[in-house]
Amino acid sequence: MGQFLSQPLTDKTVQYEELDKFSYCLGSMQGYRLTQEDAHSITHYPNVNFIDVHNNQSQMDMKIYGVFDGHGGSQSSNYLSEHLPNSIYEEFNNNNNSKIRQIMTNQGLIISKFKDSFLKTDYNLYKHYQHRHHHSNSGSTAILGIILNNNELYTLNTGDSRLITSINGVPKNLSFDHKPNHIGELIRINDAGGSVSYNRVGGVLALSRAFGDFNFKLRNFRSFNDGNNKLVSEETQVTVEPEIIHHKISINDEFIIIACDGIWDVFTNQDLIKYIRNKLVLGAKLDEIVANLLDHTLTLANQTTGVGFDNMSIIIIACQYDQESLEQWYQRMKLKIEIEKQII
């Protein structure tokens, strides 16, 4: 099969942690790929400084769940897993933006900080390669679910990984895949002097947004007021600028799913939610569900279409009520689904 292994590597990375709220399980498997190019990061910053548009200072609780799907090597995805969360944290602690604050809402200010952290991290990745005298065609998607103060969810998406939430068993898309043939992306690529053929930028790259991939980005940087630099993203064929969607978490949110395209290639949003809920009603825990899901994904591999042969990474986040333990969440979900299915 060329670039694929004849038999999949099924060793799994499973990270399962119970928290006071938003417990999670991460699972990752190399599968049929020659190498593992996925990376991930789960970070909790309980005391993030935030100065709002009215110059009031407060502290926020910030939980960051991220999946990074590399291509052309694992250098970029590994770099992001190590540096992007801290870049976001530092951006919130950098309050030299009083002029911006005067013209923004608090939500606008938060979104601005998220975007700047992506742009700066991409620039730092570029400098990282320069410092090592290494020219790399490596790139990576990034999908982050950032929960602020346990009630506000921001999805930051660059690429074609995806985040959804299950609301009473129905999927709500909180990200949209960045493909070159999508009309908005196509116009932006053409305006930047690029072209799309065979649904790929320059006939090569199947993504329209990514970290790295500097062959598709102008070597044009501009300075921040604080002395940092970033790419002029609007002038690049492949941009790192994230699409950001806000979601107010409510009692109807059951769980959040963050996964790379290796998962979404074989599951629809609804099918994946159904799979997880069917396991929950049988009493399975998140670590068992994730491990079984990765194995099941391999059984769906199709040699004709090529789906199911990619690296696989997924994070499932339990949306616990206030003062609700993870075990109580399991019991509540099981009872809820049993009532829906008229089992009891």
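This text walks through two parts of a predicted model, helix H4 with its surroundings and the pair of helices H6 and H7.

Helix H4 spans residues 183-191. Which of its residues are buried? They are Glu185, Arg188 and Ile189. These residues cover an arc of only 100° around the axis, so they lie on the same side of H4. Ile183 and Asp191, on the other side of H4, are exposed. The helix thus has a buried side, with Glu185, Arg188 and Ile189, and another side where exposed residues are found.

What do the buried residues of H4 pack against? Their partners are two strands, E10 at residues 196-197 and E11 at residues 200-201. After H4 comes Gly193, and the phi of this glycine is positive, near 90°.

Further along the chain, the second part concerns helix H6, residues 269-281, and helix H7, residues 286-299. Their axes come within 11 Å and cross at roughly 135°. An angle over 145 degrees would count as roughly antiparallel, and 65 to 115 as roughly perpendicular; H6 and H7 are therefore oblique to each other. The crossing in which H6 passes H7 is right-handed.

Both helices supply residues to the contact. From H6 come Leu272, Tyr275, Ile276, Lys279 and Leu280, while H7 contributes Ile289, Asn292, Leu293 and His296. By kind, the residues of this contact of H6 with H7 comprise 6 nonpolar, 2 polar and 1 charged.

Note on methods. Residues numbered from 1 in each chain as written. Predicted model: local features only at pLDDT ≥ 70, side-chain atom pairs only at ≥ 80, totals over all residues. Heavy atoms only, no water. Buried < 20%, exposed > 50% of the residue type's maximum accessible area, 1.4 Å probe, protein only. Helix = DSSP H or I, 4+ residues; strand = E, 2+ residues; numbered from the N terminus. Arc of directions from axis to C-beta. Contact = heavy atoms within 4.5 Å. Axes fitted to C-alpha atoms, helices over the stretch in contact; angles between N-to-C directions. Parallel < 35°, antiparallel > 145°, perpendicular 65-115°, else oblique. Left-handed = near helix turned anticlockwise from the far one by under 90°. Nonpolar A, V, L, I, M, F, W, Y, C, P; charged D, E, K, R; others polar.
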